[in-house]
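Open the structure in a viewer and keep the selection panel at hand. The stops below run from the whole chain down to single side chains.

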Amino acid sequence: MKKLEEIADVFSGVQVSRFVDPKGEKTPIIKNKFTDSYSLDYYYENISNSINEKYYSKKGDIIISLSQPNTVSIIHEDGFIIPMYFAVIRVNEMYDPSFIYHLISSKDFHKKLHIFCEGGALRVIKVAALKSIKLNIPNLEKQKQYGEFFNLIDKKNMLIDLKKDYNDKIKEYLIQTQIKGE
């Protein structure tokens, strides 16, 4: 069992409004919502070059929304700015980011997380509490094997969802052609 802070750098994102600069470079910023369970939504803002590099995403970063429902995602590209309503989990070299992502996405982890949530209507988790959560971590080889296997399951589920969406569109098209008498 290891605390999350023992296997990763864990910190909150940046307050983006402090770095907005009309003369700055257009930079993608992650929104506080996900378009679906497989991808992030983002927008562009002109940002000054004085922002610390640590707030730019790196491939393999795990982000978790600090407010409920504490949505978790793994970043697949460098260069997105991570705003302050996310915690960034930047996994150390001796650990597999994909495996850690799946652990953090699990119902068991969210049960642990729920204990630390504070507040009334808007329940949030503090980064310090997030750092203290313990995880059962196998050796690196097993992490990589499990991580790859879990990724394949996610890809399969994504394809099943996509197939369902296409089937629903085909069905709707056929119904519309019947209604129009075609």
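**The whole chain**

Colour by secondary structure and follow the chain from its start: the pattern reads β-α-β-β-β-β-β-β-α-α-α-β-α. This is a predicted model. There are five helices and eight strands to find. Along the principal axes, the C-alpha atoms fill a box of roughly 65 × 50 × 35 Å. Of the 182 residues in the chain, 37% are buried. Among contacts with a separation of 6 or more, 66% are between residues 24 or more positions apart.

**The open sheet**

Select E2, E7, E5 and E6. These four strands form an open sheet in the order E2-E7-E5-E6, with antiparallel pairing. Its edge strands are E2 (8-12) and E6, each of which pairs on one side only. Ignoring direction, neighbouring strands in this sheet are turned by 20° against each other on average.

Now narrow the selection to strand E5 (residues 62-65) and show its side chains. Ile62 and Ile64 point one way, Ile63 and Ser65 point the other way, and all are buried.

Add E6, which runs antiparallel to E5 and is joined to it by three bridges. Ile64 has Val72 as its bridge partner in E6, while Ile62 has Ile74. The hairpin of E5 and E6 has six residues between the strands, and there Asn70 takes a positive phi near 55°.

Then swap E6 for E7. Four bridges join E5 to E7, again antiparallel. Look for Val88 in E7, which stands opposite Ile63.

**The helix on the sheet**

Which residues of H2 are buried? Select the helix and colour by accessibility: Ser98, Phe99, Ile100, Tyr101, His102 and Ile104 are buried. The cover over the buried residues of H2 includes H1, E5, E6, E7, H3 and helix H5 (140-179).

Put the sheet back on screen and return to the bridge between Ile62 and Ile74 in E6. Helix H2 (residues 97-105) packs on the sheet and touches E5, E6 and E7; the helix direction makes about 170° with that of E6.

**Two nonpolar cores**

In soluble globular proteins, nonpolar side chains tend to be buried together. The largest nonpolar core here has 26 residues, and those with the most contacts inside it are Ile62, Ile64, Ile89, Ile100, Ile104 and Leu130. Two or more residues come from each of helix H1 (4-7), E2, E5, E6, E7, H2, helix H3 (107-116) and helix H4 (127-132). H2 gives the most to this core, with four residues.

Centre the view on Leu130. Leaving aside residues up to four places away in sequence, Leu130 touches Leu4, Val10, Ile64, Ala87, Ile89, Phe109, Leu113 and Ile125. A second, separate core has 18 residues, including Val14, Leu40, Phe80 and Ile81.

**Aromatic pairs**

Show the aromatic rings next. How many aromatic pairs does a search of the whole structure find? The search finds seven.

Start with Tyr42 and Phe80: their ring centres are 5.0 Å apart and the planes stand at 75°, so this pair is edge-to-face. The pair links distant parts of the chain, since Tyr42 lies in strand E4 (residues 39-47) and Phe80 in the loop between strand E6 (72-74) and strand E7 (86-91), 38 residues apart. Tyr42 is partly exposed at 36% relative accessibility, whereas Phe80 has a relative accessible area of 10% and is buried.

Move to Tyr85 and Phe86, a tilted aromatic pair with 5.5 Å centre to centre and 55° between the planes. Tyr85 has 29% relative accessibility, so this residue counts as partly exposed. Phe86, at a relative accessible area of 0%, is buried.

Finally, select Phe99, Tyr146, Phe149 and Phe150, which ring pairs link into a cluster. Phe99 is also one of the buried residues of H2 seen earlier.

**A charge over a ring**

For the last stop, show Lys54 and Phe11 together. What sits over the ring of Phe11? The charged end of Lys54 does, 4.6 Å from the ring centre.

Key: Residues numbered from 1 in each chain as written. Predicted model: local features only at pLDDT ≥ 70, side-chain atom pairs only at ≥ 80, totals over all residues. Heavy atoms only, no water. Phe/Tyr/Trp six-rings, centres within 6.5 Å; stacked < 30°, edge-to-face > 60°. Buried < 20%, exposed > 50% of the residue type's maximum accessible area, 1.4 Å probe, protein only. Lys NZ or Arg CZ within 6 Å of the ring centre and 35° of its normal. Pairing = 2+ DSSP bridges. Axes fitted to C-alpha atoms, helices over the stretch in contact; angles between N-to-C directions. Contact = heavy atoms within 4.5 Å. Core = buried A, V, L, I, M, F, W, Y, C linked by side-chain atoms within 4.5 Å.
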